[in-house]
Amino acid sequence: MTRARPGPAALSLEGVSRSYAQGRRRLRIFADLGLTLFPGEIVALVGPSGSGKSSLLHIAGLLEKPDAGRVVISGRDCSGLNDKARARMRRYNIGFVYQFHHLLGEFSALENVVMPQLIAGVDGKPARRRARDLLERVGMAERLGHRPGKLSGGEQQRVAIARALANAPGLLLADEPTGNLDPETAVRVFELLLGLVRSEGMAALIATHNRALASAMDRYVELSAGTLIERRPVASRSAKPASAHR
Ligand code: ADP
Ligand code: MG
């Protein structure tokens with residue numbers, strides 16, 4: 001049963017399949033997957049290493065194309081878009097956080113968060129204001145001028161999170177964003193990430209190995225043997241009922 005929701009889904013994957021060439025054969029990673037994220041929903045993507053989490057996130061983030069199926073972002077079917085239109089969708093509608101920060105090493109923390117806004121056509125002054133605000137909210141106010149090489153792993157990921165949110169996308173995709181951090185730092189960075197995503201009202205799909213982190217999200221989906229299994233929340237985070245749609 002589907003509950004009525006205002007507006008289009010932030011992300012909708014419909015019948016998505018992916019396989020890779022392996023010699024003369026094709027290695028099927030997953031087939032005919034469906035997943036819907038509504039605005040403001042935070043969903044964990046779990047599954048063993050090699051189950052296809054990164055492949056799925058790359059497809060959802062328009063970095064790769066599926067062999068079959070549709071990717072619909074904020075009501076817009078992106079399946080038929082050319083590279084330029086896909087890049088534009090990514091720039092304005094999708095934030096991506098990787099396991100490794102992928103910050104630009106020659107630029108400061110502030111500049112790394114300003115840059116995607118300039119590319120999106122925002123003026124320098126408001127772009128710097130937004131960047132400062134985001135970096136403050138991830139606890140990096142004292143390190144605006146630091147280059148990534150002078151930051152710790154946790155600090156680099158905080159800057160990467162601020163950068164992903166710079167253009168206020170409706171959808172955040174994160175691929176094991178704390179996978180390279182020690183457990184304590186991972187929990188802190190994760191809490192920052194969830195807090196920001198909630199306060200911005202974005203939808204988020206976050207791949208993680210960590211069941212405890214997954215339980216802090218609204219629900220989780222599990223990639224297993226090429227299919228996506230919908231799971232109810234692992235632990236009740238609050239009295240708020242879990243969303244009842246599929
Ligand atoms: P996960 O992120 O869950 O660890 P991935 O999406 O990275 O899984 O990979 C899923 C499977 O697809 C793995 O078996 C991997 O070897 C294979 N794979 C991923 N990318 C490629 C590629 N570019 N070419 C061939 N095989 C790939
Ligand atoms: Mg992966």
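1. His102 lies in the loop between β6 (94–97) and α3, and in this predicted model it has a positive phi of about 55° although it is not a glycine. Such a value deserves a second look because most residues other than glycine have a negative phi. With a relative accessibility of 45%, His102 counts as partly exposed.

2. Leu62 also has a positive phi, near 60°, without being a glycine, and its place is in the loop between α1 (53–60) and β4 (68–73). Leu62 is buried, since its relative accessible area is 3% and the cut-off for that term is under 20%.

3. Turning to the interior, the largest nonpolar core has 41 residues, and those with the most contacts inside it are Val113, Leu135, Val159, Leu172 and Ile206. Several helices and strands each supply at least two residues of this core, among them α3 (109–119), α5 (153–164) and β8 (203–207), while α6 gives the most, with seven residues.

4. Val159 shows what such packing looks like around one residue: leaving aside residues up to four places away in sequence, Val159 touches Leu103, Ala109, Asn112, Val113, Leu135, Met140 and Leu151.

5. A second, separate core has 32 residues, including Leu13, Ala85, Phe96 and Ala207.

6. A search of the whole structure finds one aromatic pair, formed by Phe96 and Tyr98, whose rings are stacked with 4.6 Å from centre to centre and 20° between the planes. In this pair Phe96 is buried, with a relative accessible area of 12%, whereas Tyr98, at 26% relative accessibility, counts as partly exposed.

Notes: Residues numbered from 1 in each chain as written. Chains lettered and ligands numbered in written order. Predicted model: local features only at pLDDT ≥ 70, side-chain atom pairs only at ≥ 80, totals over all residues. Heavy atoms only, no water. Core = buried A, V, L, I, M, F, W, Y, C linked by side-chain atoms within 4.5 Å. Buried < 20%, exposed > 50% of the residue type's maximum accessible area, 1.4 Å probe, protein only. Helix = DSSP H or I, 4+ residues; strand = E, 2+ residues; numbered from the N terminus. Contact = heavy atoms within 4.5 Å. Phe/Tyr/Trp six-rings, centres within 6.5 Å; stacked < 30°, edge-to-face > 60°.
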